[in-house]
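The exercises below ask you to work from the sequence and the model towards a short description of helices, loops and a pocket. Try each task on the structure before you read its solution.

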Amino acid sequence: MEREVYNFLNYLSVEKNYSKYTILNYERDINEFIGFIKRETINEFKEIDYKLLRFYLNEMFNKKYSSKTVSRNLSSLRTFFKYLLRNNVIENNPMILISNPKEEKKLPTYLNYNELENILDLPDQTTTIGLRDACILELLYSTGIRVGELVQIQVNDVDFFQNRIRILGKGNKERYVLFGKKCEKLLGDYLKHSRPKLINKSTHYMFLNKRGTGVSVRTVEMIIDGIVKKSSVKFNVSPHTLRHTFATHMLDNGADLNSVSELLGHANLNTTAIYTHVSNERLKQVYLNCHPRSNKKN
């Protein structure tokens with residue numbers, strides 16, 4: 001079975017041209033499933049049937065996985081089983097009988113302006129690492145890019161003349177994101193003062209770790225987690241929270257949905273539409289708190 005998984009991941013890389021981050025997600029989901037079927041003493045993929053998949057689905061819910069996580073896991077398995085069927089590893093595809101769970105209607109978490117400023121101001125920009133961390137935070141918020149996109153940025157991708165960065169998004173789709181004066185200054189300071197001290201061998205990646213190589217997604221997550229723990233913010237903040245914050249603040253300040261969707265690199269406008277619900281909720285609270293006839297308690 002390991003051979004089929006290896007061939008599938010190679011197919012995603014060579015033929016589908018998926019990013020390393022996307023392939024790692026597929027690998028994690030499939031390996032979790034492989035661990036499950038081995039515990040059930042299944043030795044070949046053709047032994048897997050609908051009942052076993054339903055059992056696996058129940059196990060994920062018993063582990064308290066969110067509907068979103070379960071759906072992502074099932075999506076990985078669907079792609080994998082289609083590959084197995086196309087390559088004659090299995091004769092029938094039992095995944096066609098499995099439906100995704102109903103998605104939870106959960107609004108994305110974002111930072112208000114005071115919370116955001118509190119976090120952005122924390123890194124000590126007089127130090128090599130502090131300046132790098134401040135630049136990472138500012139870039140995530142200023143552009144709304146995904147953390148997987150940030151770690152892939154190379155120095156030559158940054159255009160200081162037009163204040164834009166070339167980004168390779170999901171499926172290696174290219175787009176450009178813009179950045180403002182604050183981000184421009186931090187990027188310039190980082191490239192001048194921090195990056196030369198961090199680099200210890202030839203690499204084109206923009207953001208480097210203490211070993212002088214490109215930072216990983218996990219490293220960025222740990223950087224943000226460490227900064228937030230020193231702040232007054234009392235909830236979990238991830239790199240994606242800064243992406244949510246970018247989108248919400250853009251819409252709050254009058255940006256149209258199509259522009260925000262393009263900057264975020266969304267393939268479907270419906271994916272961006274959830275942020276309008278966030279803005280609408282905020283407007284509702286403003287109305288209830290401020291209008292004298294809103295029926296609020298006096």
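**Exercise 1: two residues in loops**

At 15% relative accessibility, asparagine 163 counts as buried, where buried means under 20% relative accessible area, exposed over 50% and partly exposed in between (1.4 Å probe, protein chains only). This is a predicted model, in which local features need pLDDT of at least 70 and side-chain atom pairs count only at pLDDT 80 or more, while totals for chains, interfaces and linings use all residues. Residues are numbered from 1 along each chain as its sequence is written, and side-chain values use heavy atoms, with hydrogens and water left out.

Task: place asparagine 163 and lysine 64 in their loops, and state the phi and the exposure of lysine 64.

Solution. Begin with asparagine 163, which sits in the loop between strand S1 (158–159) and strand S2 (164–168); helices (H or I, at least four residues) and strands (E, at least two) are DSSP runs, numbered from the N terminus. Its phi is near 50°, a positive value in a residue other than glycine. Turn next to lysine 64, which lies in the loop between H3 and H4 and has a positive phi of about 70° although it is not a glycine. Lysine 64 is exposed, with a relative accessible area of 73%.

**Exercise 2: the sides of two helices**

Task: for H1 and H3, find which residues are buried and what packs against or covers them.

Solution. Take helix H1 (residues 2–14) at the start: its 13 residues reach 18 Å from the first C-alpha to the last, close to the 18 Å expected at 1.5 Å a residue, the expected span being 1.5 Å times one less than the number of residues. In H1 the buried residues are Val5, Phe8, Leu9, Tyr11 and Leu12. They cover an arc of only 150° around the axis, which puts them on the same side of H1; the arc is that of the directions from the helix axis to the C-beta atoms. An α-helix has 3.6 residues a turn, so residues three or four places apart point the same way. On the other side of H1, Arg3, Tyr6 and Val14 are exposed, whereas the buried residues of H1 pack against H2 and H4.

Then treat helix H3 (residues 50–62) in the same manner. In H3, Leu52, Leu53, Tyr56, Leu57, Glu59 and Met60 are buried. They cover an arc of only 160° around the axis, which puts them on the same side of H3. The face turned away from that buried side carries the exposed residues Lys51 and Asn62, and what covers the buried residues of H3 includes H2 and helix H4 (67–86).

**Exercise 3: the second largest pocket**

Task: describe the volume and the lining of the second largest pocket.

Solution. The second largest pocket holds about 250 Å³ of space. On a 1 Å grid over the protein atoms alone, a pocket is an open set of points where a 1.4 Å probe fits, with protein on both sides within 12 Å along at least five of seven lines, and lining residues have an atom within 4 Å of a point. Its lining includes Lys20, Tyr21, Leu24, Asn25 and Arg28, as well as Val151, Gln152 and Tyr205. Helix H2 (residues 20–39) gives the largest share of this lining, five residues. By character, the lining residues divide into six nonpolar, four polar and two charged, where Ala, Val, Leu, Ile, Met, Phe, Trp, Tyr, Cys and Pro count as nonpolar, Asp, Glu, Lys and Arg as charged, and the others, Gly among them, as polar.

Methods. Grid points are joined across faces, edges and corners, and a volume is the space filled by probe spheres set on the points. Contact means heavy atoms within 4.5 Å.
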